Amino acid sequence: MHLIQVDSVQRWMEDLKLMTDCECMCILQSKPISIEKDEQNELILSSQYGTCDNLQLLLKRAWIISTELTRIAQKLEKNRWQRVHSMTVRVNCHVRSMINEYNTLTRNSSEEMHQFEKLLIEKCAEFTAFTERCIQTEDEQILKSMKSCINETLTTVAQYFGQLIELVLTHEAQNLLRQIELSDSVYITESAISSLFSLTEEGAHLCRIIAKEGGVVALFKICRQDCFRCLYPQTLRTLASLCCVEEGMHQLEKVDGILCLADILTDNTHSEATHAEAAAVIAQITAPHLTFTQHLSSFLENMEEIVTALVKLCQEASSGEVFLLASAALANITFFDTMACEILLQLNAMKILLAACSDKHIVDTPYSRDQVVTILANMSVLDQCASEIIQGNGVQLLMEMLFEKSSSGNSAEVAACERVQQKSAVTLARLSRDPEVADAAIKLSCIPRLIKLCRSPAERNNSDSVLVACLVALRRLAVMSPDGLEDSDFQQLVKPRLVDSFLLCTNMEESFV
């Protein structure tokens, strides 16, 4: 009797993983009964997500399905049929659960959505049937012929799934935007904007969907209504996220978004938080790495007002975060148009920024110093800049920036430190055409520090860009003070062609210094 019971249980377990119903799989949290070693890699949707926002639950489930489909393709490539089938069953479960959950929460889904739901469920069932047949045969020839069929079905499932998710997200974005446009309630509008912001954090694709559905237009409408002033910071933060994609930028231009931002920045009745978030939008739309910002003709029309407001925000910033946002916007604008540097010079921005750097509560991270030195580097092309640097003790600051080191070892912070070192060297090189600046740099022992950065890879975190900038600055200072270098330094770092000195320094061992 005992043997019969064991055999029956084993048989039941074998059948269960192939024939289980969707509801059973949900109870088991999508954990198939499996004897394979990579069970720990299975993706599950924990019950903790039951109380989360519906959209976040949907996105989580969608991410799991997408990842599982990728894994199925990988297992299929290795002909691991048993594993392919168990994962297919699990995907089938997730798809059904996702559709059931969404339909429970949403009553006004479109006919097109229902059609894709039906197509996806049918194709998933077909997919499961295919893979079940594969584990019931050991004939290599049959399995080989079925493999192309399964690959094709997998591709179709992925396509239907992608189209359904696109429709669902578009539908949800439309619902949120409808709430924002039609509601007079601050509470409802705040909730909708909060959900919209959560969506933008999921990536560029969702930002494109929201922008195409009129998200930028709806949010700027909020920013033009005094009754929603308390929502301006949150609204502007969402706008900054949407403007990372080209569709968002086009919408901003169409609704005179630049003018609205300029009005907010120059209105002293707004809170510092509102001004800071407006600065963040400016920083986003003028980011140098974006290729679709050059059409912002309206920005040039309002640039002087915007730059003036940003300089004031830097001067009056009550925290490091506010200063970072304002200075980042200014730094980007100096790349955006050269006229900005002349405006900054007229506004005594150099003096304000140098003074801010002496306040460790305001300029408190390498990221803030990166923005300041970017502005200094771009302004240093102007001849009048040298006297401003001397008066504000700027050479001392640039020297200190050559020693910039990360305290946490975080990769983003290390990269920021490299940029600070590189740009401070670039600024020194540009300003050293002025004998007074060069003399000040030499007196502050800039030459030994530049030599150290060139010869010691660890000092510059093995950064080639820092090395090139330091070699250029060193050569500029060596012209002004050739006696400040030892013969070996002159022969290796100054006299040869720049590329030869670069190759020599990149091949140096740490112990060579």
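This passage walks through the fold, the core, the charged and aromatic pairs, and two well-covered helices of a predicted model.

Start with the overall make-up. The protein has 26 helices and 0 strands. Of its 513 residues, 51% are buried. What share of the contacts with a separation of 6 or more comes from residues 24 or more positions apart? The figure is 72%. On the outside, the protein exposes about 24,600 Å², with 51% of that supplied by carbon and sulfur atoms.

Next comes the inside. The largest nonpolar core counts 153 residues, and the members touching the most others are Ile 180, Ile 282, Ile 285, Ile 306, Leu 310, Phe 323 and Ile 333. Helix α6, running over residues 140-182, gives this core its largest share, 15 residues. At least three residues of the core come from each of domain 1 (49-169) and domain 2 (393-512). Nonpolar side chains tend to be buried together in soluble globular proteins. Ile 333 makes a handy close-up of the core. Once its neighbours within four places in sequence are set aside, Ile 333 is in contact with Ile 282, Thr 286, Phe 299, Met 303, Ile 306, Val 307, Leu 310 and Ala 340. Three of those partners, namely Ile 282, Ile 306 and Leu 310, also belong to the group that touches the most other core members.

Now for the charges. Side chains of opposite charge can pair when their charged atoms come close. How many salt bridges does the structure hold? There are 14 salt bridges. One of them joins the side chains of Arg 90 and Glu 68, at 2.7 Å from N to O. Arg 90 belongs to helix α4 (residues 81-105) and Glu 68 to helix α3 (residues 54-77), so this bridge ties together parts 22 residues apart in sequence. Are these two residues buried or exposed? Both Arg 90 and Glu 68 turn out to be buried.

A second bridge pairs Glu 247 with Arg 208, and here the closest N and O atoms are 3.8 Å apart. Because Glu 247 sits in helix α11 (residues 246-254) and Arg 208 in helix α8 (residues 204-212), the pair ties together parts that are 39 residues apart in sequence. Glu 247 counts as partly exposed, with 23% relative accessibility, and Arg 208 is partly exposed too, at 33%.

The third example takes us into loops. Asp 267 and Arg 229 form a salt bridge whose closest N and O atoms are 3.2 Å apart. Asp 267 lies in the loop between α12 (257-266) and α13 (272-285), while Arg 229 lies in the loop between α9 (215-222) and α10 (232-242), so the bridge ties together parts that are 38 residues apart in sequence. Asp 267 is partly exposed at 23% relative accessibility, as is Arg 229 at 29%. Shared partners join Asp 226, Arg 229 and Asp 267 into one network of salt bridges.

Aromatic pairs come next: a search of the whole structure turns up 2 of them. Phe 116 and Tyr 160 have ring centres 6.3 Å apart and planes at 70°, so this pair is edge-to-face. It links distant parts of the chain, with Phe 116 in helix α5 (residues 111-135) and Tyr 160 in helix α6, 44 residues apart. Phe 116 is buried, with a relative accessible area of 15%. Phe 299 and Phe 336 are likewise edge-to-face, at 5.0 Å centre to centre and 75° between the planes. Phe 299 comes from helix α14 (residues 297-316) and Phe 336 from helix α15 (residues 320-336), 37 residues apart. Both Phe 299 and Phe 336 are buried.

Two helices round off the picture. Helix α23 (residues 446-455) is mostly covered, with 8 of its 10 residues buried. The buried set includes two arginines, Arg 449 and Arg 455, along with residues such as Ile 447, Leu 450 and Cys 454. What do the buried residues of α23 pack against? Their partners are α20 (394-401), α21 (411-431), α22 (435-443), α24 (464-480), α25 (487-494) and α26 (498-506). Helix α17 (residues 349-357) is also mostly covered, having 7 of its 9 residues buried. Its buried residues are Ala 349, Met 350, Ile 352, Leu 353, Leu 354, Ala 356 and Cys 357. These pack against α14, α15, α16 (339-346), α18 (366-379), α19 (385-391) and α20.

Notes
Residues numbered from 1 in each chain as written. Predicted model: local features only at pLDDT ≥ 70, side-chain atom pairs only at ≥ 80, totals over all residues. Heavy atoms only, no water. Core = buried A, V, L, I, M, F, W, Y, C linked by side-chain atoms within 4.5 Å. Buried < 20%, exposed > 50% of the residue type's maximum accessible area, 1.4 Å probe, protein only. Helix = DSSP H or I, 4+ residues; strand = E, 2+ residues; numbered from the N terminus. Domains from an automatic or database assignment. Contact = heavy atoms within 4.5 Å. Areas by Shrake-Rupley, 256 points an atom, 1.4 Å probe, with all protein chains shown as cover. Salt bridge = Lys/Arg side-chain N within 4 Å of Asp/Glu carboxyl O. Phe/Tyr/Trp six-rings, centres within 6.5 Å; stacked < 30°, edge-to-face > 60°.
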